Structures are given as C-alpha cells and as structure tokens.
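Student: I am new to this structure and would like a close look at a single part of it. Please take the surroundings of the ligand, and then show how that part fits into the rest.

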Amino acid sequence: MSIIKSAFRVLRFGSAKNQLFSLESKTCRAFSVCNKLRQDASDANASKINFYVDENKEKGYAILKLNKGPVNSLNLEFLTELNIQLEKFEESKEIKGVILTSSIPNIFSAGLDIMEMYQIKQDRGSQFWTALQETWIKLYGSNKIYIAAINGHSPAGGCLLSISCDYRIMSKGPYKIGLNETLLGIKAPFWFRDTMINTIGYRETEKALQLGKLYSSEEALAVNLVDELADSKDLITKAEEQMSKWCAIPTVARELTKSSMRRDTLSKLIAQREADTQSFIEFTQRDSIQKSLRMYLESLKKPKKSSA
Ligand SMILES: CCCCCCCC/C=C\C/C=C/C(=O)SCCNC(=O)CCNC(=O)[C@H](O)C(C)(C)COP(=O)(O)OP(=O)(O)OC[C@H]1O[C@@H](n2cnc3c(N)ncnc32)[C@H](O)[C@@H]1OP(=O)(O)O
C-alpha cells in the first residue's frame, strides 16, 4: 500500500475525514484518466524496450534501468510505462526496494522531453503533465525503498527522479545534476522545489533554483544533493550494499517514518493536481515561454565542438 493510501487510511478516522475523501476522489479521477493511456502505451510500445527490470526476489529488490535513447528524456509514453512498472513494484510482496539507474552510459536522464512542452496541443500537454504528477506521487509516495544510482547527467526532471528516491549514489566524473529550469526560461513547479527543499534545505534550494544551478558530483555531495559518490564501475555494487542495509530495517517502522516525513509535501500536490495541470498548460502556451524553449532546443541541436 502506498504512503498516500496509508495516509488516507489513518486520517479517514480523524476530523479531516471529508476533506480527505474529496482529495482521494480527485486523485482517483486523475488516475482513471490515465487508464486508457496505459493501454495505449502498452500497445504502442510493445516492441520497444524503454527500461529493463532485473528482479532479485531472493534478495528482495529489483534494478530498474532506464533505456530510452538517446538521453532518457521523459515523454508521455515513457512516463506511462514507468507508472505501470512503479505500480507493479508497489504491489509486489517480494520486492522491498528498487535501484533506479540507467543503461545509457553517462546519462541518468535528461529530464522532461522538451518536445512535450514545445508547440504542443492542450490535450496532449494535459495528459503529459498528469502522467508526470503520477510518476512523482508514485515514486516520492512509495512505501518501497528507492535508491538512485546516478550514472551520469541528471538535469531538471532527471534530478526530480533522483531526489524522489530515499538515497542517492552518483558516479564520479564530469556529470551534472540539478534543477536548471530557469536556464530554459521556465519556473520549476512547486513540487519540484519542495522535493529539493526537503533534500538540501531552503537556502541552498533558493540559490540553486534561481541560478538554475547544475552541480558537479563533488558539489552535489557537499550540499547533500547526493549521499555518496562512487567510481562508475562500483556504482551498482555500492547501491546494492546500501539496499541491503535499508532492507534490514524493520519494514513497518521504516514505512511509517518515511510516510510521516513526506505526507505533507505529497498532499499539497494531490490537493491541487488539476489546477497544477492548468498552470502548466497556461504557462507553456505563453509566447515568451515558447520562444525560450525554441532557443533552448536550437542550442541543444547545435553541432557540438569537437573535443579533439
Ligand atoms: C505559473 C506556474 C507554472 C508552473 C508550470 C511550470 C512549467 C515548468 C515545466 C517543467 C519543468 C521542466 C523540467 C525539465 O526537465 S525540462 C528539461 C531539462 N533538461 C535539460 O535541460 C537537459 C538538456 N540536455 C542536455 O543538457 C544534454 O542533452 C545532456 C547533458 C543530457 C546529454 O548531452 P549529450 O550526451 O551531449 O547529448 P546531446 O545533447 O547531443 O543530446 C542528444 C539528443 O537528445 C536531445 N535532447 C537532449 N535533452 C533533451 C530533452 N530534455 N528533451 C528532448 N530532447 C533532448 C538533443 O537535442 C539531441 O537531439 P539530436 O540533436 O536530434 O540528436
């Protein structure tokens, strides 16, 4: 049962009963919108492998490797597939935790697919944003243990995936992680910001978000954006060692503790998912935002200087 469901179960008997029932039904409505998408995604992507799952039921954890080349950018179909997988993990009795990593060398995830924000129809934009909210709610609100093994760059939405986990190990190397949205001319959504605050604190987040700061792995360690660094070749071994440690903690006590730390942050988005989606649509349809996104896309497509 997810943290959200347990929170509802506990609070259903308290004075906040009516408010929470309304919250819960809003969430259920939003989830049901995604049901058709899920079917479409599983049909359309039957032949593509956008991630690998390696389950070790004996040890009680799985490794989920993102595999959507070239840069694991998060589009509607990918998020929908991920949501189905996260749900499977949540329901599994054998799996206590998941190591989230990528099979693409030097890239954890390039964040949201910018093409989902650029010249996009309202319907698609709304489905995309709802799927992203769902991914975050499932990941940040999971009862399971999530360890991010960050094997490369992890900007913006990639950073959000990482900070939604319980523990982060990052490869040493010339990699960057952070919420760089202001550099694209956009504002990080409040739930990205709040997850960052919960990870590195208010003042550091305030600076990082305004500057769109992308931290090197050493800088990320210094501000607790990641918990540990590892040589690339040792990354998964270190993540497995850490997973064994977390798996050894009494489950219910750990789950309740996690839930109590994250409930308020989660409830804030759950209470206003539809309004948040509308803000996203309204914001991304502004001419000034489209102009910024176009310039950013062009800068990404520019031929790279040869390192030779
Ligand atoms: C009023 C309230 C309003 C509230 C609403 C606010 C709305 C805010 C909305 C959202 C928040 C946004 C979150 C995000 O995640 S935005 C995405 C941010 N991501 C980035 O900035 C990363 C961009 N990419 C890179 O920096 C690099 O690609 C790299 C470091 C990840 C990898 O570098 P390298 O290996 O050199 O690869 P290339 O740069 O050559 O890229 C390969 C290929 O992939 C394309 N690409 C890269 N990133 C993305 C992306 N995020 N989306 C789509 N496509 C991407 C790149 O263009 C190349 O394409 P090609 O030239 O055609 O091969």
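Which element gives the most to the shell around the ligand, and how many residues does it give?

Tutor: Helix 11 gives the most to that shell, with three residues. Before the details, note that this is a predicted model, in which local features need pLDDT of at least 70 and side-chain atom pairs count only at pLDDT 80 or more, while totals for chains, interfaces and linings use all residues. Residues are numbered from 1 along each chain as its sequence is written.

The shell as a whole has 25 residues around the ligand (a residue is near a molecule or strand if its C-beta atom, placed from the backbone, lies within 6 Å of it). The closest are Ala110, Gly111, Leu112, Ala156 and Gly157. By class, 15 residues of the shell are nonpolar, six are polar and four are charged (Ala, Val, Leu, Ile, Met, Phe, Trp, Tyr, Cys and Pro count as nonpolar, Asp, Glu, Lys and Arg as charged, and the others, Gly among them, as polar). Two or more residues of the shell come from each of strand 6 (152-155), helix 11 (273-284) and helix 12 (287-301) (helices, H or I with at least four residues, and strands, E with at least two, are DSSP runs numbered from the N terminus).

Ala156, one of the closest residues to the ligand, sits in the loop between strand 6 and helix 5 (157-163). Its phi is positive, about 45 degrees, although Ala156 is not a glycine. Ala156 counts as buried because 26 other C-beta atoms lie within 10 Å (buried means 20 or more other C-beta atoms within 10 Å of the residue's own, exposed 12 or fewer, and partly exposed in between, with C-beta atoms placed from the backbone).

Helix 11 itself includes Arg273. This residue has 21 other C-beta atoms within 10 Å, so Arg273 is buried. Its C-alpha atom is separated by 27 Å from that of Glu204, 69 residues apart along the chain.

Ser126 leads from this region to helix 4, where it has its place. Leaving out residues up to four places away in sequence, Ser126 touches Thr277 and Ile281 (two residues are in contact if their C-beta atoms, placed from the backbone, lie within 7 Å). The C-alpha atoms of Ser126 and Asp276 are separated by 9.9 Å, although the two residues are 150 apart along the chain. Ser126 counts as partly exposed because it has 17 C-beta neighbours inside 10 Å.

Helix 4 (residues 122-140) also gives eight residues, the largest share, to the largest nonpolar core. That core has 69 residues, and Val98, Ile99, Leu100, Ile147, Ala149 and Ile177 have the most contacts inside it (a nonpolar core is a set of buried Ala, Val, Leu, Ile, Met, Phe, Trp, Tyr and Cys residues joined through C-beta atoms within 7 Å). In soluble globular proteins, nonpolar side chains tend to be buried together. Apart from its neighbours within four places in sequence, Val98 is in contact with Tyr61, Ala62, Leu64, Phe89, Lys144 and Tyr146.

Next comes the sheet. Six strands form it, in the order 1-2-3-5-7-10, and the sheet is open with mixed pairing (two strands pair if DSSP finds at least two bridges between them). At its edges are strand 1 (51-56) and strand 10 (228-230), each pairing on one side only. On average, neighbouring strands are turned by 20 degrees against each other, direction ignored. Helix 9 (residues 235-247) packs on this sheet and touches strand 2, strand 3 (97-102), strand 5 (145-150), strand 7 (167-171) and strand 10. The direction of helix 9 makes about 165 degrees with that of strand 5 (axes are lines fitted to C-alpha atoms, for helices over the stretch in contact, and angles run from 0 to 180 degrees between N-to-C directions).

Strand 1 and strand 2 (residues 61-66) run antiparallel and are joined by six bridges. Phe51 faces Leu66 of strand 2, and Asp54 stands opposite Ile63. Four residues lie between the strands of this hairpin, in which Gly60 takes a positive phi near 90 degrees.

For the whole chain, there are 12 helices and 10 strands. Of the 308 residues, 43% are buried.
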